[in-house]
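Reader: I should like to learn how to read the features of a protein model. May we work through one together?

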Amino acid sequence: MQVAMKIWRYDAATGERALREYEIDAPEEATLLDCLDIVKDKVDGTLAYRKSCRMMICGSCGMRMDGAAVLACKTRMFDVAKEGRVPVISAMGNLPIVRDLVVDMDPFWEKFKAMKPYLQPGYDRPEDGREYRITQERMNAVKKEALCINCGCCVSECNAMESDPEFLGPQALAKGFRFVGDPRDAATVERLEQYSGEHGIWECTRCFFCNERCPKGVDPRDAIAKLGAEAIRTGIDRDMGAKHAKWFVRSTETTGWLRETELVPKTQGVVSSIKQMKFALNLIKHNKAGLAFPPHVAANVDEARRLRRLVLAQGRLGSAGHIQGERALAKLEHGHHDGGDPYGPGSFPKPYLPEDTE
Ligand code: SF4
Ligand code: SF4
Ligand code: FES
């Protein structure tokens with residue numbers, strides 16, 4: 001088959017950046033990685049990209065196709081070629097580009113290491129001297145998080161990381177839950193304290209792009225939600241994000257509705273709310289916020305209360321209350337729209353380039 005693609009080339013030494021088009025003859029089963037190999041072998045030996053296993057294991061070949069992160073060795077090109085599309089291939093986002101499709105993974109690994117991604121055992125050795133055994137059911141709690149291959153596709157598309165490069169990010173936090181959820185680990189509270197700090201759990205915007213782009217089904221956003229639930233269960237709720245989440249529960253439990261007007265003082269505290277009074281009055285004046293008193297109570301509020309009691313009776317507080325496999329957004333088609341950006345122009349962050357080359 002004939003495969004055409006445009007590749008963003010970048011030379012860190014000169015700062016030159018150019019979109020080059022390549023057309024090659026490739027076997028019908030070719031992946032994007034195979035096509036890049038053909039370009040490098042037969043057309044332009046200077047093209048730079050990473051690869052190793054070629055089978056979705058090593059995590060080396062993360063890059064963007066039409067603005068969305070993919071593993072090149074997982075992405076078949078047959079449909080693209082058949083439809084005559086010319087995808088744009090570029091380096092992953094949120095990481096500095098070294099050259100062409102190669103990004104500097106150092107910031108990624110620094111965050112990974114900050115999570116202390118190893119067991120800190122807190123169990124006594126069994127008396128028979130044999131290994132400490134736990135049930136499959138308990139290990140299933142971290143099954144998805146253990147699938148991570150550190151490819152960086154989630155980080156590439158993370159909105160929170162784009163606005164705050166210090167945000168721990170989806171991969172590191174998913175790794176964090178890998179150990180928080182492991183019954184053998186003894187550092188749960190210390191971990192939750194650390195992950196709940198500035199640039200941690202509560203900085204996630206819940207855009208779900210990480211779930212959507214992860215090629216291994218790790219669903220990092222789910223892991224972050226579970227970390228948040230565990231933090232609250234453990235009493236680590238100083239952050240506004242935790243207070244916000246707690247008020248959602250309290251509000252629905254008492255009235256069956258989210259009482260938004262009270263959300264601000266409950267989340268930010270009274271002093272901060274008073275400082276925002278002028279803004280609040282403006283909202284009220286323009287019918288953007290109301291001061292319903294007494295608050296409206298849903299006719300069937302008992303249903304919400306019963307649901308809460310059920311969760312408590314089943315002991316489903318913390319991460320145990322989360323349903324695995326929440327991938328609603330992952331079902332969205334993306335990446336093949338006119339203009340490249342799947343949800344409209346600018347819907348995905350652009351590749352990072354050193355300032356002097358912008
Ligand atoms: S859901 Fe959170 S962690 Fe995932 S991409 Fe969005 S902001 Fe980043
Ligand atoms: S969570 Fe998924 S997308 Fe992110 S690094 Fe791990 S495997 Fe890659
Ligand atoms: S080359 Fe190893 S994951 Fe693609």
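**Reading contacts, rings and shells**

Author: Let us begin with a single residue. Not counting residues up to four places away in sequence, Leu71 touches Met56, Cys61, Gly62, Ile149, Cys151, Cys153 and Pro215. Please keep in mind that this is a predicted model.

Reader: Where is Leu71 found, and is Leu71 buried or exposed?

Author: Leu71 is found in strand β4, which covers residues 68-71. Its relative accessible area is 3%; because buried means under 20%, Leu71 counts as buried. A distance can be added to this picture: the C-alpha atoms of Leu71 and Gly59 are separated by 7.5 Å, and these two residues are 12 apart along the chain.

Reader: How many helices and strands does the protein chain have, and what percentage of its residues count as buried?

Author: The protein chain has 15 helices and 7 strands. It comprises 358 residues, of which 43% count as buried. As for its surface, the chain exposes about 19,900 Å², and carbon and sulfur atoms supply 53% of that area.

Reader: Among contacts between residues at least 6 apart in sequence, what percentage join residues at least 24 apart?

Author: In this protein chain, the figure is 67%.

Reader: May we turn to a residue in a loop? Where is Glu145 found, and which residues is Glu145 in contact with?

Author: Glu145 lies in the loop between α4 (136-140) and α5 (153-156). Its relative accessibility is 0%, so Glu145 counts as buried. Apart from its neighbours within four places in sequence, Glu145 is in contact with Ala174, Phe177, Arg178, Val218, Ala223 and Lys226.

Reader: How is a pair of aromatic rings described?

Author: Such a pair is described by the distance of the centres and the angle of the planes. In this model the count comes to 2 aromatic pairs. In one of them, the rings of Phe108 and Trp109 have centres 5.0 Å apart and planes at 85°. Planes over 60 degrees apart count as edge-to-face, so the pair of Phe108 and Trp109 is edge-to-face. The rings of Trp109 and Phe112 also make an edge-to-face pair, with their centres 5.2 Å apart and their planes at 90°.

Reader: How many residues apart are Trp109 and Phe112 in helix α3?

Author: They are 3 residues apart, about one turn of the helix, and both lie within α3, residues 106-114. Phe108, Trp109 and Phe112 form one aromatic cluster. Within this cluster, Phe108 is buried at a relative accessible area of 4%, and Phe112 is buried at 16%, whereas Trp109 is partly exposed at 33%.

Reader: Which ring does the charged end of Arg17 sit over?

Author: The charged end of Arg17 sits over the ring of Trp8, 4.0 Å from the ring centre. Arg178, a contact of Glu145, offers another case: its charged end sits over the ring of Phe179, 4.8 Å from the centre.

Reader: Finally, which residues surround ligand 1, and how many residues surround ligand 2?

Author: The shell of ligand 1 includes Cys158, Cys204, Cys207 and Cys210, together with Phe167, Phe208, Arg206 and Arg221. By class, this shell divides into 9 nonpolar, 1 polar and 2 charged residues. Ligand 2 is surrounded by 13 residues, the closest being Cys148, Cys151, Gly152, Cys154 and Cys214. The shell around ligand 2 has 9 nonpolar, 3 polar and 1 charged residues. Cys151 also leads back to our starting point, for Leu71 touches it.

Note on methods. Residues are numbered from 1 along each chain as its sequence is written. Chains are lettered from A and ligands numbered from 1 in the order in which they are written. This is a predicted model: local features need pLDDT of at least 70, side-chain atom pairs count only at pLDDT 80 or more; totals for chains, interfaces and linings use all residues. Side-chain values use heavy atoms; hydrogens and water are left out. Helices (H or I, at least four residues) and strands (E, at least two) are DSSP runs, numbered from the N terminus. Buried means under 20% relative accessible area, exposed over 50%, partly exposed in between (1.4 Å probe, protein chains only). Contact means heavy atoms within 4.5 Å. A residue is near a molecule or strand if one of its heavy atoms lies within 4 Å of it. Ala, Val, Leu, Ile, Met, Phe, Trp, Tyr, Cys and Pro count as nonpolar, Asp, Glu, Lys and Arg as charged, and the others, Gly among them, as polar. Rings of Phe, Tyr and Trp (its six-membered ring) pair if their centres lie within 6.5 Å; planes under 30 degrees apart count as stacked, over 60 as edge-to-face and the rest as tilted. A charge sits over a ring if NZ of Lys or CZ of Arg is within 6 Å of the ring centre and within 35 degrees of the ring normal. Accessible areas come from the Shrake-Rupley method with a 1.4 Å probe; for residues, only the protein chains shown count as cover.
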